[in-house]
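This report describes the bound ligands of the structure shown below and the residues around them.

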Amino acid sequence: MTSAKPEYGQLAERLSEMGRDLEAIGQALSSFEVETPSWGYGDSGTRFATFQQSGRPRDVFERLEDAAEVHRLTGTAPAVALHFPWDHVEDLGALRSRAASLGLRIGAVNPNLFQDPDYKLGSVTNPDDRVREKAVEHLLDCVRIATELGSTAQSLWFADGTNYAGQDDLIARRHRMLDCLARVYEAMPVGQEMLIEYKLFEPAFYATDLADWGSALLVCQKLGDRAKVLVDLGHHAQGVNIEQIVAVLVDERRLGGFHFNSRKYADDDLIVGSVNPFELFLIFVELTAPGRAMPRLTIDQSHNIEAKVEAMTLSVVNLQEAYAKALLVDRDGLAQAQHAGDVLGAHARLLDAYRIDVRPLCAKVRGEAGAAEDPVHALRKGDYMRRIIAERGASEAVAGGWGR
Ligand code: LRH
Ligand code: MN
């Protein structure tokens, strides 16, 4: 790997002095892939208001266009996760070929069982079997949709929980959920896997039916080998060691994927790496340990006040850089220090890699893939935003929210 850029030259020299295999690292970086979420391009807001931005996509086709721009700029985001019914269209074939014509493939399919009033007391856990039947129908519909779109994953998150002690039998709810999911699991064609996403709580909850990685893992073990746990970085209690959860799930061969984002307090869905980049690096240190395969890497964010296409572009860049730093860890030095009980020596092996400025390396790999060396700069200098604002309309408005 050679480059005109002096920064890259200096970095390459330093890394070869450190005995790093630049060829292998370049290979790994050029095959690194992220899935962006269609819903990350559309309207989003707080529970009090939704802030509409100029140039906002008006349908799934325009959301795909924005995703294609992020892929054009980064060379690292060839797949788009969809959410149904938010991305519902009559002609799924047209949607699939439109995505392909934009150089994209359809990623995970996300059913939505958290907006219909029927699910007030839960969806697959609901005491009313008519409501559970409706929920299973939607999940089976999403299996059919995924098959038509060439998607290989059902990504399931349930806003199911109770608000007061005694409101419902917690184990009865669990059994209802297991029965429903078993029917969906049976209906999934072999090419599809089921990702179970847990979350500590929703505001006003007393109990969450899938609150943590353990409850999600137990459900997966009951369903079958194609059921795996999805880790959303915003779904844990403060202080939880997420990279340790990742390591255990990898060890159990039950890590199905991620919803990457950042949080300061709760499920904030902020730009991944913006609040705790060291934690993100440590997650990739666990994912890149020898012999471990990379699971599905999906972003799940809502960009309430920040420019959405730029936010998604920066998110993909942050993920690529965290991965690149993790690839630079001196694994032999780390293992030796760990075996020798050299506490700070081992810690320093991680700090050494984390402190390397990998931007010239990532820029080089993107440039070689025909993407932008500096994607955010290219977006700001390019005319994509001007074009979509002209086409879709310049309206900054506040919509939705309580009492509007
Ligand atoms: C729930 C969640 C889930 C999605 C939704 C958009 O908080 O993380 O993954 O369905 O956000
Ligand atoms: Mn999520």
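## Manganese site

In this predicted model, the manganese ion (ligand 2) takes its protein donors from Glu-197 (OE), Asp-232 (OD), His-259 (ND1) and Asp-300 (OD). These protein donors lie 2.1 to 2.2 Å from the ion. Along the chain, the donors of the manganese ion follow the spacing E-x34-D-x26-H-x40-D.

The site of the manganese ion has six donor atoms and is octahedral, with angles of 72 to 172° among the donors. For six octahedral donors, the ideal angles are 90 or 180 degrees.

## Surroundings of ligand 1

Ligand 1 occupies the space that forms the largest pocket. Its shell comprises three nonpolar, three polar and five charged residues.

The aromatic side of the list of surrounding residues includes Trp-39, Phe-114 and Trp-157. Also around ligand 1 are His-83, His-235 and His-259, together with Glu-197, Lys-199, Asp-232, Asp-267 and Asp-300. Glu-197, Asp-232, His-259 and Asp-300 thus appear in the surroundings of ligand 1 and among the protein donors of the manganese ion.

## Polar contacts and coverage

Which distance separates an oxygen atom of ligand 1 from a polar side-chain atom of Glu-197? The separation is 2.7 Å. A polar side-chain atom of Lys-199 is placed 2.8 Å from an oxygen atom of ligand 1, and an N or O atom in the side chain of His-83 is 2.8 Å from an oxygen atom of ligand 1. On its own, ligand 1 has 300 Å² of accessible area, of which the protein covers 91%.

How values were computed:
Residues are numbered from 1 along each chain as its sequence is written. Chains are lettered from A and ligands numbered from 1 in the order in which they are written. This is a predicted model: local features need pLDDT of at least 70, side-chain atom pairs count only at pLDDT 80 or more; totals for chains, interfaces and linings use all residues. Side-chain values use heavy atoms; hydrogens and water are left out. A residue is near a molecule or strand if one of its heavy atoms lies within 4 Å of it. A polar contact is a pair of N or O atoms within 3.5 Å; within protein, one must be able to donate a hydrogen and the other to accept it, and residues adjacent in sequence count only if both atoms are side-chain atoms. Accessible areas come from the Shrake-Rupley method with a 1.4 Å probe; for residues, only the protein chains shown count as cover. On a 1 Å grid over the protein atoms alone, a cavity is a set of points where a 1.4 Å probe fits but cannot get out, and a pocket is an open set with protein on both sides within 12 Å along at least five of seven lines; lining residues have an atom within 4 Å of a point. A molecule sits in a cavity or pocket if more than half of its atoms lie within 2 Å of its grid points. Ala, Val, Leu, Ile, Met, Phe, Trp, Tyr, Cys and Pro count as nonpolar, Asp, Glu, Lys and Arg as charged, and the others, Gly among them, as polar. Donors are N, O and S atoms within 2.8 Å of the metal (3.2 Å for Na, K and Ca); water is not among the atoms, so sites may look incomplete. Four donors count as tetrahedral if all angles lie between 85 and 135 degrees; four count as square planar and six as octahedral if opposite donors are over 155 degrees apart and all others between 65 and 115; anything else is irregular.
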